[in-house]
Amino acid sequence: MNNILAIANKELRSYFASPIAYIVLGFFALLYGFFYVTILSYFVQQSMQMNQFGPQAMNINQQLIRLLLQNVTVVLLFVLPMITMRTYSEEKRSGTIELLLTSPLTDFQIIMGKFLGALALYAVMLLITMVHIGLLFIYGKPEWKPIVSAYLGLLLMGGCFISAGLFISSLTKNQIVAVMATFALFLFLWVINWIGNFAGPQVEKITSYLSIIEHFDDFAKGVIDTTHVIYYLSFMTFGLFLTAKSVDSERWRG
């Protein structure tokens, strides 16, 4: 466990030693701030219009926070590939992958360390959003339980994206190729349920289950369903398994 945490710490520090972390956090904060201001302005406008016909309470969780966090999932399509693109491709490009694979570390320790390092940077991104959510608690009265479940869903979904991004990064030396291929995969996982809408009810059930965003919807509503948790954990496990196979083949080639 100490080796995993050491690698994770090294990965996290390497993000901040380069412009990547600052670009990713800045880009994410900018887009999130835009969605926050836009949705909040619309919420306030709708609330004022409804109050013209008498006092009426709007649900801040469902009509503001839920919409806001659903828009965060769109931002992840663009941001998370930038986090995972360098995890292995940079090691391959610089030649340090051979030193890493010949070190007294197992493939499991290396993979989990890199995964947790990327996940830690993603967690920092989510912490940024909590500042804005905290302001809503100062000026409003949202329920905290749906917010906790929504953030749990975001963390699990982000873990799935990161595990898939690690696998793609392990296949190439070029970071540009890694980021574009990762984005393409993320987009496919996002829109796969659209295919089912035109292919009949049986295919629709399959594509709906495979769609990574469909499983987040209940979390955003405040519902933690074990089916969705199992899906996300299984997805992460499979992504890390594929990464392990790719790293193992790299070890044999070396």
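Helices in this tour are DSSP runs of H or I with at least four residues, and they are numbered from the N terminus. The model on the screen is predicted, and the tour goes from its cavity to its core and then to its salt bridges.

**First stop: the largest cavity**

Begin by selecting Asn 61, Gln 62, Ile 65, Arg 66, Leu 69, Pro 146, Ile 147, Ala 150 and Ala 220, the residues that line the largest cavity. This cavity has a volume of about 50 Å³, and a search of the whole structure turns up two cavities of 30 Å³ or more. Which helix supplies the largest share of the lining of the largest cavity? That share, five residues, comes from α3, while α3 and α7 are each the source of at least two lining residues. If you colour the lining of the largest cavity by type, you will find six nonpolar, two polar and one charged residue.

Keep one of these lining residues, Ile 65, on display, and follow the chain around it, which here is helix α3. Ile 65 counts as buried because its relative accessibility is 3%, a value under the 20% limit. Show next the residues that Ile 65 contacts beyond its neighbours within four places in sequence, and you will have Ile 60, Ile 133, Leu 136, Pro 142 and Ile 147. Now add Asn 3 to the view; this residue is 62 places from Ile 65 along the chain, and the two C-alpha atoms are separated by 38 Å.

**Second stop: the largest nonpolar core**

Select Leu 76, Tyr 122, Met 125, Leu 154, Met 157 and Tyr 232, which touch the most other members of a core that holds 68 residues. The helices that give two or more residues to this core are α1 (2–17), α2 (19–51), α3 (60–84), α6 (107–139), α7 (144–169), α8 (175–196), α10 (216–221) and α11 (226–253). Among them, α3 gives the most, with 13 residues.

Centre the view on Tyr 232 and ask which residues it contacts, leaving aside neighbours within four places in sequence. The set to display is Gly 153, Leu 156, Met 157, Cys 160, Ile 212, His 215, Phe 216 and Phe 219.

Move from there to Tyr 32, whose place is in helix α2. Is Tyr 32 buried or exposed? Tyr 32 is buried, since its relative accessible area is 1%. Around Tyr 32, not counting residues up to four places away in sequence, the residues it touches are Leu 68, Val 72, Thr 129, His 132 and Ile 133.

**Third stop: the salt bridges**

Side chains of opposite charge can pair when their charged atoms come close. The count for this model comes to four salt bridges, and a good place to start is with Glu 11, Arg 86 and Lys 114, which are linked in a network of such bridges. Select Glu 11 and Arg 86 and look for their closest N and O atoms, which are 3.8 Å apart. Glu 11 lies in helix α1 and Arg 86 in the loop between α3 and α4 (89–94), so this pair ties together parts that are 75 residues apart in sequence. Both of these residues, Glu 11 and Arg 86, are buried.

Now bring in Lys 114, whose side chain meets that of Glu 11 in a salt bridge of 2.8 Å, N to O. This pair too links distant parts of the chain, with Glu 11 in helix α1 and Lys 114 in helix α6, 103 residues apart. Glu 11 counts as buried at 3% relative accessibility, and Lys 114 counts as buried at 1%.

For another salt bridge, select Asp 217 and Lys 221, where the closest N and O atoms are 3.3 Å apart. These two residues are separated by about one helical turn, because they stand four residues apart in helix α10. Asp 217, at 23% relative accessibility, counts as partly exposed, and Lys 221 is partly exposed with a relative accessible area of 38%. With Asp 217 still selected, show Tyr 32 again: the two are 185 residues apart in sequence and 19 Å apart in space, C-alpha to C-alpha.

**Last stop: a loop**

Finish at Asp 225, which is found in the loop between α10 and α11. Asp 225 counts as partly exposed, because its relative accessibility is 27%. Adding Asn 59 to the selection gives a pair that is 166 residues apart in sequence and 22 Å apart in space, taken from C-alpha to C-alpha.

Terms used. Residues are numbered from 1 along each chain as its sequence is written. This is a predicted model: local features need pLDDT of at least 70, side-chain atom pairs count only at pLDDT 80 or more; totals for chains, interfaces and linings use all residues. Side-chain values use heavy atoms; hydrogens and water are left out. A nonpolar core is a set of buried Ala, Val, Leu, Ile, Met, Phe, Trp, Tyr and Cys residues joined through side-chain atoms within 4.5 Å. Buried means under 20% relative accessible area, exposed over 50%, partly exposed in between (1.4 Å probe, protein chains only). Contact means heavy atoms within 4.5 Å. On a 1 Å grid over the protein atoms alone, a cavity is a set of points where a 1.4 Å probe fits but cannot get out, and a pocket is an open set with protein on both sides within 12 Å along at least five of seven lines; lining residues have an atom within 4 Å of a point. Grid points are joined across faces, edges and corners, and a volume is the space filled by probe spheres set on the points. Ala, Val, Leu, Ile, Met, Phe, Trp, Tyr, Cys and Pro count as nonpolar, Asp, Glu, Lys and Arg as charged, and the others, Gly among them, as polar.
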